[in-house]
Amino acid sequence: MNAYNGKKPVTIITGCLGSGKTTIIQKMLSNKDYIEDFAVIVNEFGQVGLDHHLIKRVEERTVLLNGGCICCNSREDLEEELKTLLYADESGKETFDRVIIETTGLADPAPILFTIMSNPLLQNRYVIDCVITTIDAKNGKIHLKNNPEIYKQLSVADRVIVTKTDIASEKEISELVANVRGINPTCEIIYAKNGDVDPSVVKLNKSSIGISNFNINEISNRNHYSNDIHSISFTFSKPLNWVAFGLWLSMLLHAEGESVLRVKGLLDVGEEGPIVLNGVQHIIHPPQHLDTWPKEEDVSHIIFILRGISTETLSESLFAFQKFLDTEISVLEHLKV
Amino acid sequence: MCVLCSDFITQVHWTDRKKESANGEVVIGEGQRERQRSRLKRVQLCNEILALYRLKIRDWNGSKFILEDAKGNSRIVHDLGVLWHDVQELIGKAINPLDEYLISTMKNKKG
């Protein structure tokens with residue numbers, strides 16, 4: 001599809017065991033009207049019940065790279081399967097428009113991103129479009145308390161689907177959402193009853209980094225059970241020096257990459273449109289250059305989701321480097337409506 | 001690309017890439033001059049920080065960088081993806097923008 005420069009888009013669906021991933025995927029697959037054909041990759045030992053003509057089962061196999069960090073491990077099983085799918089598509093045997101990868105409940109999505117973005121063949125043929133995390137409206141609170149992997153899954157998410165809303169109370173749902181927002185202020189929240197979502201949920205609107213989803217009033221100070229995850233956003237009132245910024249950010253990610261769970265930005269670098277920045281720990285997506293600023297998000301800004309790093313220290317660093325970056329920075333306290 | 005992992009020559013580091021463009025193509029003419037200007041700017045900016053640790057970087061043939069310390073040790077650096085890794089090897093620690101010393105030095109810099 002031309003929208004992806006000839007590459008096949010990939011949607012990753014993650015979330016705790018029992019949070020409804022499989023149900024959602026099954027419902028999407030059974031929607032015959034949807035314009036895209038999906039190839040689906042699931043974990044071998046995942047729940048049975050997914051039935052599709054192009055479904056592949058893999059057993060998670062991670063290659064630890066020399067001196068590498070956890071987020072930069074390569075998922076060999078996915079590498080192989082994605083290549084196989086590519087050959088099948090090219091030969092016309094089994095064609096598809098998009099790959100859906102369903103992870104296990106314990107999965108860290110970062111290695112999947114790394115695998116696709118760093119493998120020379122895969123990076124030319126696939127593009128990560130969207131990361132979706134499902135969370136159970138009824139049991140989400142318990143998961144937040146007991147399942148540490150959920151914080152990674154939520155901070156990486158572009159969209160969070162709150163499932164099983166039919167069996168949870170309004171209060172439970174809004175508390176859960178406040179906690180989710182406390183971890184990831186700019187993700188889009190979608191509510192699903194009985195696993196029903198529009199299949200278009202797998203597609204991301206690339207020109208938005210979700211700052212219009214950011215509402216300081218929605219963020220719970222009461223937490224999300226993990227006191228060491230915090231987010232902070234900044235705006236820039238002058239175009240910043242992209243080269244200088246690249247130095248600062250790559251320096252930060254080298255020294256503290258594992259703690260920078262997410263960085264997202266729509267940056268004014270002195271050109272017509274902004275640069276879209278999107279990173280997960282050490283992995284920075286190839287920056288996209290938009291021709292114009294999106295209507296609802298026309299302020300140069302950046303958001304960090306940090307674990308174990310104080311937002312004050314990050315803030316001090318950015319302010320100290322202001323001159324170097326050739327810009328003026330403010331902390332984004334709230335979004336003007 | 002992960003800055004801690006090995007250097008993939010086929011990779012274009014994200015700081016070298018602004019526009020979505022075809023990969024690995026040789027740029028000629030005006031584009032080449034722009035690229036060289038950008039490299040020299042990068043070297044200049046890098047050296048602002050590296051100087052604080054008695055390091056220096058210079059462009060080499062428009063394709064690589066040479067990183068040197070005050071003792072005459074040097075490293076060939078492909079792109080920013082490995083720069084900070086090589087810096088760490090030379091000085092024995094990672095340069096961290098959250099480091100107090102670096103923050104206060106950058107804050108008090110004049111000009």
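Is Asp326(A) buried, partly exposed or exposed? In this predicted model, in which local features need a pLDDT of at least 70, side-chain atom pairs count only at pLDDT 80 or more, and totals for chains, interfaces and linings use all residues, side-chain values use heavy atoms, with hydrogens and water left out. Residues are numbered from 1 along each chain as its sequence is written, while chains are lettered from A and ligands numbered from 1 in the order in which they are written.

Asp326(A) is partly exposed, with a relative accessible area of 43%, where buried means under 20% relative accessible area, exposed over 50% and partly exposed in between (1.4 Å probe, protein chains only). The residue lies in the loop between α10 (322–325) and β16 (329–331) of chain A, helices (H or I, at least four residues) and strands (E, at least two) being DSSP runs numbered from the N terminus. Its phi is near 65°, a positive value in a residue other than glycine. A positive phi, near 50°, is also found at Gln281(A), again not a glycine; this residue sits in the loop between β12 (275–280) and β13 (283–284) of chain A and, at 2% relative accessibility, counts as buried.

The largest nonpolar core, a set of buried Ala, Val, Leu, Ile, Met, Phe, Trp, Tyr and Cys residues joined through side-chain atoms within 4.5 Å, has 54 residues, and those with the most contacts inside it include Phe245(A), Trp248(A) and Phe304(A). Helix α8 (residues 242–256) of chain A gives the most to this core, with 10 residues. Apart from it lies another core, of 29 residues, among them Ile41(A), Val58(A), Ile101(A) and Val156(A).

Between the chains, the axes of helix α9 (residues 311–320) of chain A and helix α3 (residues 100–108) of chain B come within 8 Å and cross at roughly 35°, the axes being lines fitted to C-alpha atoms over the stretch in contact, with angles running from 0 to 180 degrees between N-to-C directions. Contacts (heavy atoms within 4.5 Å) join Thr313(A), Glu316(A), Ser317(A) and Ala320(A) in α9(A) to Ile103(B), Met106(B) and Lys107(B) in α3(B).

The model scores ipTM 0.85 and pTM 0.85. Chain B averages a pLDDT of 81, and 75% of the residues score at least 70, pLDDT being the predictor's confidence in each residue, from 0 to 100. Over residues 4–10 of chain B the pLDDT is below 50, although this stretch has 15 contacts in the model beyond near neighbours in sequence.
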